[in-house]
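Student: Please take a close look at the sheet of one chain and the helices that lie across it. I should then like to see how that part relates to the other chain and how confident the predictor is.

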Protein chains: 2
Amino acid sequence: MICMHHVDVHIERDIYAANNRIAKRNHDLLERYGIKAYDLLGAIGSGKTALIERAVPLLKERGIRPAAIAGDVYGDDDYRRLVVLGIPAVNVNTGKECHLDAHLVEHGLEDLPLDEIDLLFIENVGNMVCPTDFLLGAHERIVVVSTTEGDDVVNKHPMIFRGCRIGVINKIDLAPLVGADIARMESDMYRYNPNIHIFRTNLKTGEGISALVEDLLPRAK
Amino acid sequence: MICMHHVDVHIERDIYAANNRIAKRNHDLLERYGIKAYDLLGAIGSGKTALIERAVPLLKERGIRPAAIAGDVYGDDDYRRLVVLGIPAVNVNTGKECHLDAHLVEHGLEDLPLDEIDLLFIENVGNMVCPTDFLLGAHERIVVVSTTEGDDVVNKHPMIFRGCRIGVINKIDLAPLVGADIARMESDMYRYNPNIHIFRTNLKTGEGISALVEDLLPRAK
């Protein structure tokens with residue numbers, strides 16, 4: 001078992017190193033095309049796809065051309081919601097894995113018209129743990145939690161919040177119904193990441209999305 | 001890379017084999033003490049802890065002595081909710097892993113008064129993907145989904161439903177508010193597992209818990 005553990009550690013290190021090499025390649029490719037990319041994280045049903053649905057019209061109004069990669073273990077439920085937005089979209093199934101990796105995203109990028117895209121959402125598999133260590137090549141990470149996940153959801157997942165520039169607290173309308181304390185969620189986020197930008201949203205109605213979209217806009221170079 | 005892949009497969013096989021050996025040991029131990037054990041699965045905030053909170057008083061009324069192991073990546077939010085129920089409870093943190101494994105449960109069992117327990121809930125890490133392949137030694141698996149996760153949550157996770165005897169659809173009161181089609185969730189469950197027992201619950205109020213508890217009762221031997 002001790003020996004086994006050592007092999008494990010080496011393999012693990014190799015997997016991350018290999019992933020990071022491809023992530024760097026993805027990042028360089030995105031830079032070359034002037035695409036700002038976001039790795040969108042959060043549990044199943046937190047509102048990742050809804051965020052894209054709400055952001056796309058506002059981005060288009062500002063002359064930004066969005067696109068999306070939909071990552072799921074199985075099926076194309078999210079992908080079909082993205083296609084009807086009239087944006088370039090690609091479906092990526094991981095089969096059994098609980099996260100996207102840089103290699104899957106690399107293939108996703110091959111299927112997108114990169115010269116027609118300004119901003120790319122990479123919607124990760126609905127999971128608060130697995131994606132943490134697998135960088136994809138995106139510029140920044142956004143994590144979406146919803147009040148219906150319980151107001152202890154942030155405290156339970158320190159790692160994911162440390163790596164995200166933006167934290168979205170969604171389904172704020174349901175907070176009183178499920179007894180969730182939004183202030184606790186916010187203070188837990190700040191505790192794990194003092195620099196995080198927090199937005200409160202109800203992505204069902206679009207409440208809060210404008211301020212979030214302002215923060216997503218690619219800066220002039 | 002091909003070589004690496006081979007190593008990967010072997011390691012993976014070894015990990016599952018090692019886990020299953022310990023799971024068998026846990027199972028034998030539980031059998032020896034006449035404890036019926038449930039591996040409780042579901043996403044973050046689906047209602048796993050709430051299910052235990054609601055089930056415990058009903059189980060006690062029937063003379064069943066419950067206990068629980070609380071699995072989380074980090075923290076003791078769930079554990080603290082279980083302790084106040086006045087049942088034997090153990091907190092297990094996985095550190096970085098997105099699932100419990102048989103070895104962690106084995107240590108959890110060491111800290112429980114096994115001769116004072118009839119029914120054990122093993123609350124897994126909130127995750128719809130990772131726990132699938134890691135058996136713990138429990139007799140059966142229960143998966144809890146909530147309507148707020150979206151009515152496509154079942155379709156996205158075929159594997160987990162195949163291995164569960166019981167599927168709980170929670171937060172049915174919120175279904176109209178989030179636009180979730182409960183019938184779709186049920187038919188997706190039956191498609192993946194025609195033998196699954198489905199219960200609709202609102203664990204905030206306790207609606208639906210009696211029928212579920214009836215199904216959990218250890219059968220006379």
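Tutor: In this predicted model, helix α4 of chain B, residues 102-110, lies across β2, β3 and β4 of chain B. The direction of α4(B) is at about 150° to that of β3(B). A second helix, α2 of chain B (residues 48-61), lies across β1, β2, β4, β5 and β6 of chain B and runs at about 170° to β4(B). Strands β2(B) and β4(B) are thus among those that α4(B) lies across, and they are also among those that α2(B) lies across.

The sheet beneath these helices may be taken strand by strand. In chain B, seven strands make up an open sheet, and their order is β3-β2-β4-β1-β5-β6-β7, with parallel pairing. Strands β3 and β7 (197-200) of chain B are at the edges; each has a single partner strand, so one side of each has no neighbour in the sheet. From one strand to the next, the twist averages 20°.

At the β3 edge, strand β2 of chain B (residues 66-72) is joined to strand β3 of chain B (residues 89-93) by five bridges, and the two run parallel. Within this pair, Gly71(B) has Val92(B) of β3(B) opposite it. The connection is also defined in hand: β2(B), helix α3 of chain B (residues 77-83) and β3(B) form a right-handed β-α-β unit. Elsewhere in the sheet, strand β1 of chain B (residues 36-42) runs parallel to strand β5 of chain B (residues 140-146), and five bridges join them. Leu41(B) has Val143(B) in β5(B) as its bridge partner.

Chain A can be described in like manner. Its open sheet has seven strands in the order β3-β2-β4-β1-β5-β6-β7, again paired in parallel. The edge strands of chain A are β3 (89-93) and β7 (197-200), each of which pairs on one side only. Neighbouring strands are turned by 20° against each other on average, direction ignored. Strand β5 (residues 140-146) and strand β6 (residues 166-170) of chain A run parallel and are joined by five bridges; in this pair Ser146(A) stands opposite Asn170(A) of β6(A). Helix α2 of chain A (residues 48-61) packs on the sheet, where it touches β1, β2, β4, β5 and β6 of chain A, and its direction makes about 170° with that of β4(A). Helix α8 of chain A (residues 209-216) lies across β1, β4, β6 and β7 of chain A and runs at about 150° to β7(A).

The relation between the chains is as follows. Chain B superposes on chain A by a rotation of 180° with 0.0 Å of shift along the axis, at an RMSD of 0.0 Å. The two copies are therefore related as by a two-fold rotation axis. Both copies use the same surface, since 100% of the contact residues of chain B recur in chain A. The contact draws 31 residues from chain B and 31 residues from chain A. On the chain B side, helix α1 of chain B (residues 2-32) supplies the largest share, five residues. That side has 15 nonpolar, eight polar and eight charged residues.

As to confidence, the predictor assigns the complex an ipTM of 0.85 and a pTM of 0.90. The average pLDDT of chain A is 93, and 94% of its residues score at least 70. Over residues 1-6 of chain A, however, pLDDT stays under 50, and the model has one contact beyond four places in sequence for them.

How values were computed: Residues numbered from 1 in each chain as written. Chains lettered and ligands numbered in written order. Predicted model: local features only at pLDDT ≥ 70, side-chain atom pairs only at ≥ 80, totals over all residues. Contact = placed C-beta atoms within 7 Å. Helix = DSSP H or I, 4+ residues; strand = E, 2+ residues; numbered from the N terminus. Nonpolar A, V, L, I, M, F, W, Y, C, P; charged D, E, K, R; others polar. Least-squares fit on C-alpha atoms with pLDDT ≥ 70 in both. Pairing = 2+ DSSP bridges. Right-handed = clockwise from strand over helix to strand, strands pointing away. pLDDT = per-residue confidence, 0-100. Axes fitted to C-alpha atoms, helices over the stretch in contact; angles between N-to-C directions.
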